[in-house]
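Student: Please choose a single part of this structure and examine it closely. I should like one connected account that starts from that part and then places it in its surroundings.

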Amino acid sequence: MEELLSLEHFREVKNKGYGYIAITDKNLPKNCIHHTSCYEVKEMYFNQKVIISNRKNGSYYFTEEPMLAIYTFEKMEKCKKCF
Ligand SMILES: [Zn+2]
């Protein structure tokens, strides 16, 4: 699993077309893991959370194995829209 820390890395992962993105957020009751292609995974939100807020409330991770993220992070679930 790799943490996404820059817009360049985020775009590279979105463009790969395979793998998954896990998004953590301290303030939400549940967190979701998405296919990289999910329309809910938006650059605008990544920019806000990771770049502007400096990961104060949560982070983005790329993984090829969704269960790894589900076991690693609390309250992580598969996105109902893309799984
Ligand atoms: Zn999704």
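Tutor: Let us take strand β2, which pairs with strand β4 (residues 60-63) in the antiparallel sense over 4 bridges. Two strands are said to pair if DSSP finds at least two bridges between them. Strands (E, at least two residues) and helices (H or I, at least four residues) are DSSP runs numbered from the N terminus. The model is predicted: local features need a pLDDT of at least 70 and side-chain atom pairs count only at pLDDT 80 or more, whereas totals for chains, interfaces and linings use all residues. Residue numbers start from 1 along each chain as its sequence is written.

Strand β2 covers residues 20-23, and it also pairs with strand β3 (residues 31-35), again in the antiparallel sense and over 4 bridges. In general, strands of a sheet pair through backbone hydrogen bonds, either parallel or antiparallel. Individual positions show the register on both sides of β2. Towards β3, Tyr-20 has His-35 as its bridge partner, and Ala-22 stands opposite Ile-33. Towards β4, Ile-23 stands opposite Tyr-60.

The side chains of β2 are the next point. In a regular strand, side chains alternate between the two faces of the sheet. Here, Tyr-20 and Ala-22 point one way from β2, Ile-21 and Ile-23 point the other way, and all are buried. A residue is called buried if 20 or more other C-beta atoms lie within 10 Å of its own, exposed if 12 or fewer do, and partly exposed in between, with C-beta atoms placed from the backbone.

Ile-23, a residue of strand β2, deserves separate attention. It counts as buried because it has 24 C-beta neighbours inside 10 Å. Apart from neighbours within four places in sequence, Ile-23 is in contact with Asn-31, Cys-32, Gly-58 and Tyr-60; contact requires that the C-beta atoms of two residues, placed from the backbone, lie within 7 Å. Ile-23 and Ile-33 are 10 residues apart in sequence, and their C-alpha atoms are 6.2 Å apart in space.

From β2 one can move outward to the whole sheet. Its 5 strands form an open sheet with mixed pairing, in the order β1-β4-β2-β3-β5. Strands β1 (2-3) and β5 (76-78) stand at the edges with a single partner strand each, so one side of each is left without a neighbour in the sheet. Strand β5 is joined to β3 by 3 bridges, and these two strands run parallel. Within that pairing, Asn-31 has Met-76 in β5 as its bridge partner; Asn-31 is also among the contacts of Ile-23.

Strand β2 also contributes to the interior. The largest nonpolar core has 17 residues, and those with the most contacts inside it are Leu-4, Ile-21, Ala-22, Ile-33, Tyr-60, Tyr-61 and Ala-69. Such a core is a set of buried Ala, Val, Leu, Ile, Met, Phe, Trp, Tyr and Cys residues joined through C-beta atoms within 7 Å. The largest share of this core, 4 residues, comes from β2. The elements that give two or more residues to the core are α1 (7-16), β2, β3, α2 (43-52) and β4. Leu-4, outside β2, is in contact with His-9, Phe-10, Val-13, Val-50, Tyr-60, Tyr-61 and Phe-62, leaving aside neighbours within four places in sequence.

Leu-7, placed in helix α1, offers a contrast with the residues of β2. It counts as partly exposed because it has 13 C-beta neighbours inside 10 Å. Not counting residues up to four places away in sequence, Leu-7 touches Glu-43, Asn-47 and Ile-51. The C-alpha atoms of Leu-7 and Glu-43 are separated by 7.7 Å, although the two residues are 36 apart along the chain.

The chain as a whole supplies the setting. Read along the sequence, it follows the pattern β-α-β-β-α-β-α-β. Its radius of gyration is 11 Å, close to the 12 Å that the globule rule gives for 83 residues, so the chain is as compact as a globular protein of that length. That radius is taken over C-alpha atoms, and the rule is 2.2 Å times the number of residues to the power 0.38. Of the 83 residues, 22% count as buried. Among contacts between residues at least 6 apart in sequence, 65% join residues at least 24 apart.
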